[in-house]
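Ready for a walk through a protein model? Have a look at the structure below, and keep it open while you read.

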Amino acid sequence: MNTTGKPDISREKSAELYEKAKTYFPGGVNSPVRAFKSVYGTPLFIEKGDGCHVWDADGNQFIDFCCSWGPLILGHNHAKVREKVVEVIQNGISFGAPTALENELAELILKHNKFIEKIRFVSSGTEAVMSAIRLARGYTKRDKILKFEGCYHGHSDSLLVKAGSGLVTFGETSSAGVPKAFADETIVIALNDKEALQKAFEEFKDQIAAVIIEPVPANNGLLLQHKEYLQYLREISAQNGTLLIFDEVISGFRLGFEGAAGYYGIKPDIITYGKIIGGGMPVGAYGASTQIMDTISPVGPVYQAGTLSGNPVAMGAGIAQLTELLRSGFYRDLNAKAEEFAEAIQRFATARNYKFKVFTIGSMFWFAFTDKDIRKAEDIDPASMEKFKIMHRELLNRGIYLGPSGYEVGFVSSAHTKVDLEKAKRAIFDSLDLVFRG
Ligand SMILES: *Cc1c(COP(=O)(O)O)cnc(C)c1O
């Protein structure tokens, strides 16, 4: 029984599959965010997706705002992406030798992105960031990196590090299995804090190879930074001979074709991509100026390789998806639709005096149970997640699928129609009423 006194939707088949999965995989999943650890119930096993909808093993239909955690900006099973994948597969799946498809995807990106001159394809966001960090260290011949509390950069050792106490701290490992010596090379400070940034550069003068930031931090709530702060970060990095890395694995091709760099008009030294770039297939990439990129093997001394890097099927999916994004008005229409959606929800909550905020940029949104302006990780009240938990369950019961954590952002895709968004709004309004009025 849920808050409304009605039974939850049927989830028997998913529950059965989950029991089985638990005997095969730790926690029954192949990535921890998929487990329903911070919401009610157990993971829904998805059977198919089409447009903005997914169907689970019990036949329930949902309007999906998770969109595979961001990659599916065109929605599920987009005809152009599917057709291209099928076409490429006819000729074989992998060669371990160059293909024209790699050139084609690179050209699509580099022609329409003034912030990078060369690119290298890898197979995930984690790999892109890990390689970008090695590149920055090799290029600057320095070891330390500076990151921000509340930014996620994948699961490589140097980046599974969280802030200790104090303004500028050596990180503490945020996962078992990461040697302390790795964490000692990573400095962690709060977002949106100029003073901490200055202090870090004073304390570690000439030692910081790179500063890495999600220019739109979207993995721990949506912690929107002021443009002016990002500009300051650009300046102070340059003054100190430190490379600025924008981790655009989420924001790349999402805020616009040129991602957050284009949105803010700020040129970082290295940019990492993932998610959208592969059209739903496993692709990551990092790019920079020719001078920086030529530090990479086989031209330069920084080694980085991959058996399946630039995989033709994945390149095909990326080419098909990015081609759609380059159509005139694509981002204008998508962002306008998402903005209207977020604003309507905010208006509803404000009119009812609910302590609830919708943070939004481009086609991403985050529901926060607060009345505060949230700009850094410590501004988020963990107790507010109890409310998200109720909302999540009520939304599933009303055919709306959000990622199973209140710290995750939602995505609107071009496949979400006005009708779908109207339906979603009504479900969200009902759920908010239940959360706040019981
Ligand atoms: C998702 C994400 C990653 C990790 O990418 P994976 O493909 O999951 O390895 C890294 N950085 C950011 C900003 C991300 O959103």
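Leaving aside its neighbours within four places in sequence, which residues is Asp 433 in contact with? In this predicted model, the residues touching Asp 433 are Phe 348, Arg 352, Tyr 354 and Gly 438. To find the spot yourself, go to helix α13, which covers residues 418-437, and look for Asp 433 there. Two of those contacts are worth zooming in on. The side chain of Asp 433 makes a polar contact of 2.8 Å with the side chain of Arg 352, and another polar contact, at 2.5 Å, with the side chain of Tyr 354. Is Asp 433 buried or exposed? Asp 433 counts as buried because its relative accessibility is 19%, and the cut-off for buried is under 20%.

While you're there, look at Asn 353. This residue belongs to the loop between α11 (330-351) and β14 (357-361). Asn 353 counts as exposed because its relative accessibility is 71%. Its backbone has a little quirk, too: phi of Asn 353 is positive, about 60°, although the residue is not a glycine. You can find another positive phi at Cys 67, also a residue other than glycine, where the value is near 50°. Cys 67 sits in the loop between β3 (61-64) and α2 (79-89). With a relative accessibility of 1%, Cys 67 counts as buried.

Now let's move to the ligand. Which residues surround it? The list is Ser 124, Gly 125, Thr 126, Tyr 152, His 153, Gly 154, Glu 214, Asn 219, Asp 247, Val 249, Ile 250 and Lys 275. Sorted by class, this shell has 3 nonpolar, 6 polar and 3 charged residues. Some of these residues put polar atoms right up against the ligand. Asn 219 has a polar side-chain atom 2.9 Å from an oxygen atom of the ligand. In the side chain of Asp 247, an N or O atom lies 2.7 Å from a nitrogen atom of the ligand. Lys 275 joins in as well, with a polar side-chain atom 2.6 Å from a ligand oxygen atom. How much of the ligand does the protein bury? Taken alone, the ligand exposes 380 Å², and the protein buries 82% of that.

Lys 275 deserves a second look. An unreviewed UniProt entry places the feature "modified residue: N6-(pyridoxal phosphate)lysine" at Lys 275. In the model, Lys 275 lies in the loop between β12 (270-273) and β13 (284-288). Not counting residues up to four places away in sequence, Lys 275 touches Trp 69, Pro 71, Val 249, Ile 250, Gly 280 and Val 283. Among these, Val 249 and Ile 250 also belong to the ligand's surroundings. Why is Lys 275 called partly exposed? The label follows because its relative accessibility is 24%, while partly exposed covers values between the buried limit of 20% and the exposed limit of 50%.

Follow the chain into strand β13 and you'll reach Gly 287. Gly 287 is buried because its relative accessible area is 0%. Leaving out residues up to four places away in sequence, its contacts are Ile 116, Lys 118, Ile 119, Asp 269, Ile 270, Ile 271 and Met 293. Gly 287 and Tyr 273 are 14 residues apart in sequence, with their C-alpha atoms 8.3 Å apart in space.

Next comes the loop between α9 and α10, where you'll find Pro 298. The peptide bond leading from Ser 297 into Pro 298 is cis, with omega near 10°. Asn 311 is in the loop between α9 (290-293) and α10 (312-325) too, and with a relative accessible area of 13% it is buried. What does the side chain of Asn 311 reach? One partner is the backbone oxygen of Ile 93, at 3.0 Å. Another is the backbone nitrogen of Ala 314, which lies 3.1 Å from a polar atom of that side chain.

Our last stop is Asp 379, in the loop between β15 (364-368) and α12 (385-397). Asp 379 counts as partly exposed, at 26% relative accessibility. Its side chain reaches the backbone nitrogen of Arg 375 at 3.1 Å. Beyond its neighbours within four places in sequence, Asp 379 is in contact with Asp 373 and Ile 374.

Definitions and conventions
Residues numbered from 1 in each chain as written. Predicted model: local features only at pLDDT ≥ 70, side-chain atom pairs only at ≥ 80, totals over all residues. Heavy atoms only, no water. Helix = DSSP H or I, 4+ residues; strand = E, 2+ residues; numbered from the N terminus. Buried < 20%, exposed > 50% of the residue type's maximum accessible area, 1.4 Å probe, protein only. Contact = heavy atoms within 4.5 Å. Polar contact = N/O pair within 3.5 Å; in protein donor to acceptor, adjacent residues only side chain to side chain. Near = heavy atom within 4 Å. Areas by Shrake-Rupley, 256 points an atom, 1.4 Å probe, with all protein chains shown as cover. Nonpolar A, V, L, I, M, F, W, Y, C, P; charged D, E, K, R; others polar. UniProt positions renumbered as here; feature names shortened; annotations may be inferred.
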